[in-house]
Amino acid sequence: MIIREYRPSDCGALAELFYHTVHTVNARDYTEEQLDAWASGSMDLEKWDQSFREHYTIVAAENGIVVGFGDIKKAIDKTAYLDRLYVHKDYQGKGIAAAICDELERAAGGKITTHASITAKPFFEKRGYRLIRTQQVERQGVSLTNFVMEKRGQQPL
């Protein structure tokens, strides 16, 4: 597996991975209506590409296949927001999320905040993130539960 920085040519593959991961991996914790609201399948790829380029975004690939990605947005006040972290449904449990998260945390430094899904909460807890609060977020008129979590990061490289 290689971990590299995002390239605009990755955007379509990342959007597809996101959709399929949400609809399979997160299906044990969310209803079909919630999954459809979270990942409808109709994404504005230009906006996604812009977001990926504005954040520090990395991609994990194995044998030329994108198997995961994550991104983090750094703020001026030494805090960072870990926005997305997704691993291909067929590559779960192989350390890919941990490798991506290691790199994002190393790059961030300072305090890191994330909004973890029900599915991802145990992963972040094992990494030392602490629960700040449970919240309901609305997507396309549908309410979803997630968790605001934070961790003191490492010094940036």
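I will go through helix 1 and then strand 4 with its neighbours, in a model that is predicted.

Helix 1 covers residues 11-25, which makes 15 residues. From its first C-alpha to its last, helix 1 reaches 20 Å, close to the 21 Å expected at 1.5 Å a residue.

Which residues of helix 1 are buried? They are C11, L14, A15, L17, F18, T21, V22, H23 and V25. In general, an α-helix has 3.6 residues a turn, so residues three or four places apart point the same way. On the list for helix 1 you can follow L14, L17, F18, T21, V22 and V25 with that in mind.

What do these buried residues pack against? Two helices are involved, helix 2 at 32-38 and helix 3 at 45-54. The strands in the packing are strand 2 (56-62), strand 3 (65-74) and strand 4 (79-87).

Now strand 4. Of its 9 residues, 7 are buried, which leaves strand 4 mostly covered.

Strand 4 pairs with strand 3 on an antiparallel course, with 7 bridges joining the two. One position to look at is K74, which stands opposite A80 in strand 4. The hairpin of these two strands has 4 residues between them, and in it K78 takes a positive phi near 70°.

The other pairing to show is with strand 5, residues 111-117. Here strand 4 runs in the parallel sense, and the pairing extends over 4 bridges. L82 has T114 of strand 5 as its bridge partner.

Finally, the connection. Strand 4, helix 4 at residues 96-108 and strand 5 together make a β-α-β unit, and that unit is right-handed.

Note on methods: Residues numbered from 1 in each chain as written. Predicted model: local features only at pLDDT ≥ 70, side-chain atom pairs only at ≥ 80, totals over all residues. Heavy atoms only, no water. Expected span 1.5 Å × (residues − 1). Buried < 20%, exposed > 50% of the residue type's maximum accessible area, 1.4 Å probe, protein only. Contact = heavy atoms within 4.5 Å. Pairing = 2+ DSSP bridges. Right-handed = clockwise from strand over helix to strand, strands pointing away.
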